[in-house]
Amino acid sequence: MPPRGRFRPVLTVARYLTDSQKRIVATTWFGMRRGVAMSAEGLEAFTARLKGYEGRPVAVTGVGKDPVNGPMIRHWCEAMGDTNPAYTGPDAIAPPTMLQVWTMGGLSGHTGRTEAYDELLRLLDEAGCTAVVATDCEQEYLRPLRPGDEVTFDAVIESVSDRKRTKLGTGYFVTTRMDVRADGEPVGTHRFRILKYAPTRVKPGGRRPRPVINRDNAGFWEGVRRHRLLIQRCTDCGTPRFPWLPGCGACGSPEWDTVEASGEGTVYSYVVVHHPPFPAFAPPYAVGLIELAEGVRMVSNVIGVPYDKVRIGMPVRLDFVRYDDELELPVFRARDGGGEE
């Protein structure tokens, strides 16, 4: 007799289906788990069950935890570097892209959330689609939000795709739609899409991806070849910029020169990559957003310290690492000491 619980995922999936579909879904589940081809009947039955969640509510009459307010608008604008005067003063409006912010539940979550979305994700987990990646979001704006507006919202599972094969793995795209209101009046719609997938098994090794070099960034990569980290600088307004672009984001001028970075910087933010694995990368490893002494930020690996010891504010120093005969990249090596979370 198999260990207790071994077939529980099959039974969990099957309990939602008719008796005539249970054998098909059991075969489907084992096919997905083992990475083998499944029958057309099995795939059709499983997909039909998933699509049965379309239109089911995720949140009903959700209420924003705070009214639209000036301090949150200010924090957002400071983080984004957005100095638009429309977001300040007595007649201020909220940046439209903050639409989702006013609906977030924070660490304590929201009341009024239904079980439908969690059930759908469990169904996919039990079918082997245990990994998830957010793919995109779409927002529609009907009117500006202003400080003092009280936000409410409803959310539904808008769609579940057919099975899709991607480089990450095979799985399903799940889209939720949130309709946002202020004082009962529609103000916008937020669609959020994820991919729930069974990760592709990747053999370790292989070459790192090559950078895409074009006429706009060729000077940067020529500098890397000579072990120099070059930053663009607008010759009209003096604003430095990175990554390299054909024009200045501050004044629009196409004229620029370069300044060589000193190599000194700090970890402004970071992530530790655990999954999914990619050829030529050995997780876990740290990827940092490095703030250079010259005022620009760039994404790079943080080396010279265990991945779980990287900290925000940690001082780092530019280094160059050769990965193969053709590829050498700028990275940042941790210096003595560290920062605080």
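This section describes the fold, cores, ring interactions and local backbone features of a predicted model.

The protein comprises 6 helices and 14 strands. Of its 341 residues, 37% are buried. Among contacts with a sequence separation of 6 or more, 64% are accounted for by residues 24 or more positions apart. The accessible surface of the protein amounts to about 19400 Å², and carbon and sulfur atoms contribute 54% of this area.

In soluble globular proteins, nonpolar side chains tend to be buried together. In the present model, the largest nonpolar core contains 36 residues, and L145 and I157 have the most contacts inside this core. At least two residues each are supplied by α3, β1 (57-63), α4, α5, β3 (151-160), β5 and β6. The greatest contribution to this core comes from α5, with 6 residues. When residues up to four places away in sequence are set aside, the contacts of I157 include Y53, E54, G55, R56 and V58. I157 also touches A116, Y117 and L120, as well as V174, T175 and T176. A second core, separate from the first, has 21 residues, among them F220, M298, V316 and L318.

Aromatic side chains form 6 pairs in the model. In one of these, the ring centres of W244 and W256 are 5.2 Å apart and the ring planes meet at 65°; because this angle is over 60 degrees, the pair is edge-to-face. W244 belongs to the loop between β8 (240-241) and β9 (256-260), whereas W256 is in strand β9, so the pair ties together parts that are 12 residues apart in sequence. The two partners differ in exposure: W244 is buried, at 9% relative accessibility, while W256 is partly exposed, at 35%. Both tryptophans belong to a cluster linked by ring pairs, together with F220, W221 and F242. F220 thus appears in this aromatic cluster and also in the second nonpolar core.

Two arginines are placed over tyrosine rings. The charged end of R208 is positioned over the ring of Y323, at 3.9 Å from the ring centre. R297 lies over the face of Y268, and here the distance to the ring centre is 3.6 Å.

Two cis peptide bonds are described here. The bond from F242 to P243 is cis, with omega near 5°. P243 is located in the loop between β8 and β9, the loop that also holds W244, and F242 is a member of the aromatic cluster. The other cis bond joins P283 and P284, with omega about 0°. P284 is in the loop between β10 (264-273) and β11 (285-292).

Positive phi values occur at several positions in the backbone. D183 has phi near 50°, positive in a residue other than glycine. This aspartate is in the loop between β5 (169-182) and β6 (185-199) and is exposed, with a relative accessible area of 54%. H227, likewise a residue other than glycine, has a positive phi near 60°. H227 lies in the loop between α6 (218-225) and β7 (230-234) and is partly exposed, at 41% relative accessibility. A glycine with positive phi, G81, follows α4, and its phi is near 70°.

At the start of helix α4 (residues 70-80), a side-chain oxygen of N69 comes to within 2.9 Å of the backbone nitrogen of M72. The loop between α4 and α5 (116-126) contains M104, which is partly exposed, with a relative accessible area of 46%. The C-alpha atoms of M104 and K65 are 7.6 Å apart in space, although the two residues are separated by 39 residues in sequence. Excluding residues up to four places away in sequence, M104 touches K65 and H110.

In helix α3 (residues 40-51), T47 is buried, with a relative accessible area of 9%. The residues in contact with T47, again excluding those up to four places away in sequence, are D162 and Y172. Helix α3 is also among the elements that each supply at least two residues of the largest nonpolar core.

Notes: Residues numbered from 1 in each chain as written. Predicted model: local features only at pLDDT ≥ 70, side-chain atom pairs only at ≥ 80, totals over all residues. Heavy atoms only, no water. Phe/Tyr/Trp six-rings, centres within 6.5 Å; stacked < 30°, edge-to-face > 60°. Helix = DSSP H or I, 4+ residues; strand = E, 2+ residues; numbered from the N terminus. Buried < 20%, exposed > 50% of the residue type's maximum accessible area, 1.4 Å probe, protein only. Lys NZ or Arg CZ within 6 Å of the ring centre and 35° of its normal. Contact = heavy atoms within 4.5 Å. Polar contact = N/O pair within 3.5 Å; in protein donor to acceptor, adjacent residues only side chain to side chain. Areas by Shrake-Rupley, 256 points an atom, 1.4 Å probe, with all protein chains shown as cover. Core = buried A, V, L, I, M, F, W, Y, C linked by side-chain atoms within 4.5 Å.
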